[in-house]
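Work through the exercises below with the sequence and the 3D structure open beside you, and try each task before reading its solution.

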Amino acid sequence: MLLNRRTRVLRTAAVATGTSVALLLPAAAAFADDAPRPVTGQDQDQGQVSGWPLADGSTAQVRQTGEGSYSADIVGRDGVLIGSLTSTGGRPGYGENNGLHIVLQPDGTVSSWKEDVPAPVPTPEPAPKPVPQPKPAPKPAPHHRSVQAELPDGTVATFARHVKDGPRVQVSSPNGKRIATVDSRHLTAQHRGWTYGLAVQPGKHAYRFVVVDTPKQGGDSWVYDLNGKLVAEYHARKR
């Protein structure tokens with residue numbers, strides 16, 4: 001799990017513990033897996049270390065800490081340690097720092113992508129106060145129908161956008177058996193090597209539903225809006 005080391009916040013969640021994680025995956029993002037292969041070195045105290053270039057020019061220094069366990073120190077371009085990630089029990093570690101997203105896979109490989117930061121919106125001048133109008137009779141609450149989408153693992157996601165506590169996505173088998181549910185209080189869930197999660201887009205107060213294949217395809221991921229539309233797809237480079 002990432003620890004705060006600067007004024008920039010590096011937020012992570014270890015899926016193995018079910019901790020919430022703010023994964024942010026806009027359509028304009030791109031994986032940094034086109035970066036060169038990692039360069040390995042030797043540290044006498046920690047064992048073999050692999051350096052993985054990240055999308056923003058920083059580096060993930062990965063070392064094996066045990067059987068099937070890895071840790072990664074995230075070091076900025078100025079050489080200052082930003083934070084760290086861990087992957088244990090066959091589950092990946094996730095982190096985010098100022099729009100940089102990092103995935104440490106259970107095999108010690110690292111992928112990353114950097115989202116575009118939206119330009120600041122100028123504050124409009126206040127509009128003149130409108131003349132008070134009689135209040136119309138209240139309209140009955142609209143009935144919001146849920147929508148469905150077939151996911152890449154063969155399951156079906158049912159999207160409910162307008163529920164009391166925020167959006168909710170339920171993942172079911174093709175025959176309708178419920179497998180997992182994610183909402184604003186339980187942002188991630190796992191099933192048979194697949195991770196499902198809700199992510200908030202920065203500055204937009206809008207959610208995206210994220211599906212990550214972990215670790216079968218090395219961290220391939222798909223992003224849907226809450227209308228069930230596929231809006232982005234990322235494929236990690238295989239080792």
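The exercises that follow concern a predicted model, and each task comes with a worked solution.

**Exercise 1. The protein as a whole**

Task: Find how many helices and how many strands there are in the protein, and what percentage of its residues count as buried.

Solution: Begin with the secondary structure, where the count gives zero helices and 18 strands. Then turn to burial, for which 43% of the 239 residues of the protein count as buried. Finally, consider the surface, since the protein exposes about 13,800 Å², and carbon and sulfur atoms supply 51% of this area.

**Exercise 2. The surroundings of T88**

Task: Locate T88, and decide whether T88 counts as buried, partly exposed or exposed.

Solution: First, follow the chain to the loop between β6 (81-87) and β7 (93-97), which is where T88 lies. Next, take the relative accessibility of T88, which is 40%; because buried means under 20% and exposed means over 50%, T88 counts as partly exposed. Last, look for its contacts, which, when neighbours within four places in sequence are left aside, are with G68 and S69.

**Exercise 3. An open sheet**

Task: Work out in which order the strands of the five-stranded open sheet are arranged, and which strands are at its edges.

Solution: Tracing the sheet from strand to strand gives the order β14-β15-β16-β17-β18, with antiparallel pairing. The edge strands are β14 (188-191) and β18 (230-234), as each of them pairs on one side only. From one strand to the next, the twist averages 20°. Within this sheet, β15 (residues 194-201) and β16 (residues 206-213) pair over eight bridges in the antiparallel sense, and Q201 has A206 in β16 as its bridge partner.

Key: Residues are numbered from 1 along each chain as its sequence is written. This is a predicted model: local features need pLDDT of at least 70, side-chain atom pairs count only at pLDDT 80 or more; totals for chains, interfaces and linings use all residues. Side-chain values use heavy atoms; hydrogens and water are left out. Helices (H or I, at least four residues) and strands (E, at least two) are DSSP runs, numbered from the N terminus. Buried means under 20% relative accessible area, exposed over 50%, partly exposed in between (1.4 Å probe, protein chains only). Contact means heavy atoms within 4.5 Å. Two strands pair if DSSP finds at least two bridges between them. Axes are lines fitted to C-alpha atoms, for helices over the stretch in contact, and angles run from 0 to 180 degrees between N-to-C directions. Accessible areas come from the Shrake-Rupley method with a 1.4 Å probe; for residues, only the protein chains shown count as cover.
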